[in-house]
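Please open the structure in your viewer and keep the selection panel at hand, because this tour moves from one selection to the next.

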Amino acid sequence: MSSVLFEVVTPERTVLSQQVQMVSVLTGGGELGILPRHAPLAATVKPCVVRVKLEEGEDYVHVSGGFLEVLPDRVTILAKAAETAEDIDVERAQRAKERAEQRLAQRTEDIDVRRAEAALMRALHRLEVVERSDRAGRLLARRRNS
Ligand code: ATP
């Protein structure tokens, strides 16, 4: 099956750079599935879990928001922050989740609700990436062993 180069870049580093068969990403205009030879486009990216289809299964990347560029030979997401499962510190994400939940439960006037909601979403997406990657990894390992 044909593939396209997919890169996820943050101001600090290149998080991912690999040939993929499809990229699913949440843009300002909704969920978008990008296959090789997709028409060129630029879009904003919402905080989401990006799903990547590989020859041997699926991979997942958290992006906290940014921009998408589709060119004939590559698909690039420029993100504020992004991580694959290997990068994610689960305990840190769990702590961030609990902190945000506590802030939202208190809902006192001096807390910024939108900021807490955004932090909660980032933490949940990070935990989702780890969980789904774990599951996909186990499936891949099982397939290889059978
Ligand atoms: P925290 O409150 O734990 O700092 P955050 O959602 O506020 O989380 P961001 O501002 O989105 O963090 O990211 C700041 C930097 O920290 C980025 O480089 C991001 O990749 C990294 N980062 C955030 N949370 C984690 C995590 N759980 N594991 C690994 N890296 C993380």
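Which atom of the ligand lies 2.8 Å from a backbone N or O atom of D89? Select D89 together with the ligand, and you will find that the partner of this backbone atom is a nitrogen atom of the ligand. Keep in mind as you look that the model is predicted.

Next, select R122, where an N or O atom of the side chain is 2.6 Å from an oxygen atom of the ligand. Then add R126, whose side chain likewise places an N or O atom 2.8 Å from an oxygen atom of the ligand. Taken alone, the ligand would expose 600 Å², and the protein buries 67% of that area.

Now widen the selection to the whole shell, which consists of E12, A81, E83, D87, I88, D89, R92, A93, R99, R122 and R126. If you colour these residues by character, you will see eight charged and three nonpolar ones, with no polar residue in the shell. Two elements, α1 (90-106) and α2 (113-145), each give two or more residues to this shell, and α1 provides the largest share, with three residues.

Finally, select residues 6-82, which UniProt lists, in an unreviewed entry, as "domain: ATP synthase F1 complex delta/epsilon subunit N-terminal". Shown as a cartoon, this stretch of the chain is 70% strand and 0% helix, and the C-alpha atoms at its two ends are 14 Å apart.

How values were computed: Residues numbered from 1 in each chain as written. Predicted model: local features only at pLDDT ≥ 70, side-chain atom pairs only at ≥ 80, totals over all residues. Heavy atoms only, no water. Near = heavy atom within 4 Å. Polar contact = N/O pair within 3.5 Å; in protein donor to acceptor, adjacent residues only side chain to side chain. Areas by Shrake-Rupley, 256 points an atom, 1.4 Å probe, with all protein chains shown as cover. Helix = DSSP H or I, 4+ residues; strand = E, 2+ residues; numbered from the N terminus. Nonpolar A, V, L, I, M, F, W, Y, C, P; charged D, E, K, R; others polar. UniProt positions renumbered as here; feature names shortened; annotations may be inferred.
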